Amino acid sequence: GLCQVLGSLHISITIVFVLLCSGVVETSNDQSTVGVQNYLEKAAQNLKPIVPIKFCISSRTDAGVHALCNSAHLDIQRAPGKPAFTEKQLICSLNYHLKTEPIRILNAYRVTNSFHARFSALSRTYIYRLLMGCAHYSEIPVFERDLCWAPAGGYLNVPAMQDAAQFLLGTHDFSTFRSLNSETPFQSPVRTILQADIQPSSGFLSHYYEHRGLEFWELKFRSRSFLYRQVRRMVGALVAVGQGKLTPHHIKELLEIKDSRAFPPHAMAPPSGLFLKSVEY
């Protein structure tokens with residue numbers, strides 16, 4: 001009509017760490033914490049759109065979870081006579097108005113009106129960072145605080161964890177491995193895990209403290225979509241295997257039970273070690 005419309009834009013965003021935000025999804029005005037979506041939409045209002053801009057974000061994360069790369073789509077309607085933003089203008093402007101928030105726009109792409117950041121995704125990849133060799137939480141390097149999990153006991157039986165992870169591959173009913181929320185009655189518990197790997201990794205500045213005998217490991221999971229807190233529950237169960245509290249075959253039994261109440265108490269991994277690595281289209 002009278003407005004020049006820049007169709008949907010697919011935006012890749014990066015969240016290095018979140019200190020003030022309660023996950024990705026926007027929060028209401030009466031909450032004391034603010035979601036990443038709130039910050040994005042506040043920055044976007046500086047573009048002076050005719051209609052308030054809403055971000056549709058690909059993957060929603062809990063408070064304390066990080067994103068190396070997340071994706072969102074949005075529509076921008078500018079005033080009559082105003083040219084459409086270029087991708088570069090949009091990136092620079094949003095990053096400028098995000099200022100000191102730990103959020104950065106990496107890329108922007110024009111997409112068709114049928115594109116949806118959440119429902120068009122082919123797969124999502126999460127990594128979970130574990131630290132072994134710490135007898136106590138206070139021994140975690142200061143640069144790794146809130147960016148990994150150091151399970152109690154110091155060391156884990158990684159081969160047993162790798163054996164257990166194989167039971168998670170493929171298509172299963174993951175009812176035991178999801179936490180209940182408002183969407184639970186409307187979601188199928190069936191998911192297909194395309195990748196479940198456990199590999200050694202390196203710390204951000206590990207060469208400065210390698211003499212301490214610390215070991216970093218990454219658990220990588222890839223699926224088209226995950227259930228609420230599914231990755232954290234899978235990690236927690238695998239760590240329980242590494243600690244000798246469960247056997248690898250117990251993972252198969254938990255899958256077969258198909259009941260979230262059967263999940264071992266206090267076994268869910270904390271959010272600090274979890275990273276959304278990428279969203280594939």
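This report walks through aromatic pairs, charges over rings, one helix packing and a few loop residues in a predicted model.

**Aromatic pairs**

Let's start with the rings. Searching the whole structure turns up five aromatic pairs. One of them joins Tyr126 and Phe226, which meet edge-to-face. Their ring centres are 5.4 Å apart, with 90 degrees between the planes. In sequence this pair spans quite a stretch: Tyr126 belongs to strand 5 (residues 123-132), while Phe226 sits in the loop between strand 8 (215-223) and helix 4 (230-242), so the pair links parts of the chain 100 residues apart. As for accessibility, Tyr126 is buried and Phe226 is buried too.

Next up are Phe177 and Phe263. Why does this pair count as edge-to-face? Their planes stand at 70 degrees, and anything over 60 falls in that class. The centres of these two rings lie 6.0 Å apart. Here too the pair ties together distant parts of the chain, 86 residues apart. Phe177 comes from the loop between strand 6 (170-173) and strand 7 (190-201), and Phe263 from the loop between helix 5 (248-257) and strand 9 (274-280). Phe177 and Phe263 are both buried. They don't stop at a twosome, either: Phe174 joins Phe177 and Phe263 in one aromatic cluster.

**Arginines over rings**

Which rings have an arginine over them? Phe85 has the charged end of Arg78 sitting over it, and Phe204 has Arg129 over its face. The distances to the ring centres are set out here.

| Arginine | Ring | Distance to ring centre |
|---|---|---|
| Arg78 | Phe85 | 3.9 Å |
| Arg129 | Phe204 | 4.5 Å |

**Helix 1 against helix 2**

Now for a helix pair. Helix 1 (residues 36-44) packs against helix 2 (residues 87-98) at about 115 degrees, and their axes are 9 Å apart. The handedness of this crossing is right-handed. On the helix 1 side, the contact is built from Tyr39, Leu40, Ala43 and Ala44, and helix 2 brings Leu94, His97 and Leu98. Sorted by class, that contact has six nonpolar residues, one polar and no charged ones. The polar one is His97, because histidine is not listed among the nonpolar or charged residues.

**Gly203 and its surroundings**

Back to the neighbourhood of Arg129. Gly203 lies in the loop between strand 7 and strand 8. Is this glycine buried or exposed? Gly203 is buried, because its relative accessible area of 9% falls under the 20% cut-off. Setting aside neighbours within four places in sequence, Gly203 touches Arg129, Glu144, Tyr209 and Phe216. So Arg129, the residue over the face of Phe204, is also among the contacts of Gly203. There is a C-alpha separation worth a look as well: Gly203 and Phe143 are 60 residues apart along the chain, yet their C-alpha atoms are separated by 9.0 Å.

**Positive phi outside glycine**

Finally, a pair of backbone oddments. Asp146 has a phi near 65 degrees, a positive value in a residue other than glycine. Its place is in the loop between strand 5 and helix 3 (158-165). With a relative accessible area of 48%, Asp146 is partly exposed, because that value lies between the 20% and 50% limits.

Arg229 also has a positive phi, about 60 degrees, without being a glycine. Arg229 lies in the loop between strand 8 and helix 4, the loop that holds Phe226 of the edge-to-face pair with Tyr126. At 30% relative accessibility, Arg229 counts as partly exposed.

Technical notes. Residues numbered from 1 in each chain as written. Predicted model: local features only at pLDDT ≥ 70, side-chain atom pairs only at ≥ 80, totals over all residues. Heavy atoms only, no water. Phe/Tyr/Trp six-rings, centres within 6.5 Å; stacked < 30°, edge-to-face > 60°. Helix = DSSP H or I, 4+ residues; strand = E, 2+ residues; numbered from the N terminus. Buried < 20%, exposed > 50% of the residue type's maximum accessible area, 1.4 Å probe, protein only. Lys NZ or Arg CZ within 6 Å of the ring centre and 35° of its normal. Axes fitted to C-alpha atoms, helices over the stretch in contact; angles between N-to-C directions. Left-handed = near helix turned anticlockwise from the far one by under 90°. Contact = heavy atoms within 4.5 Å.
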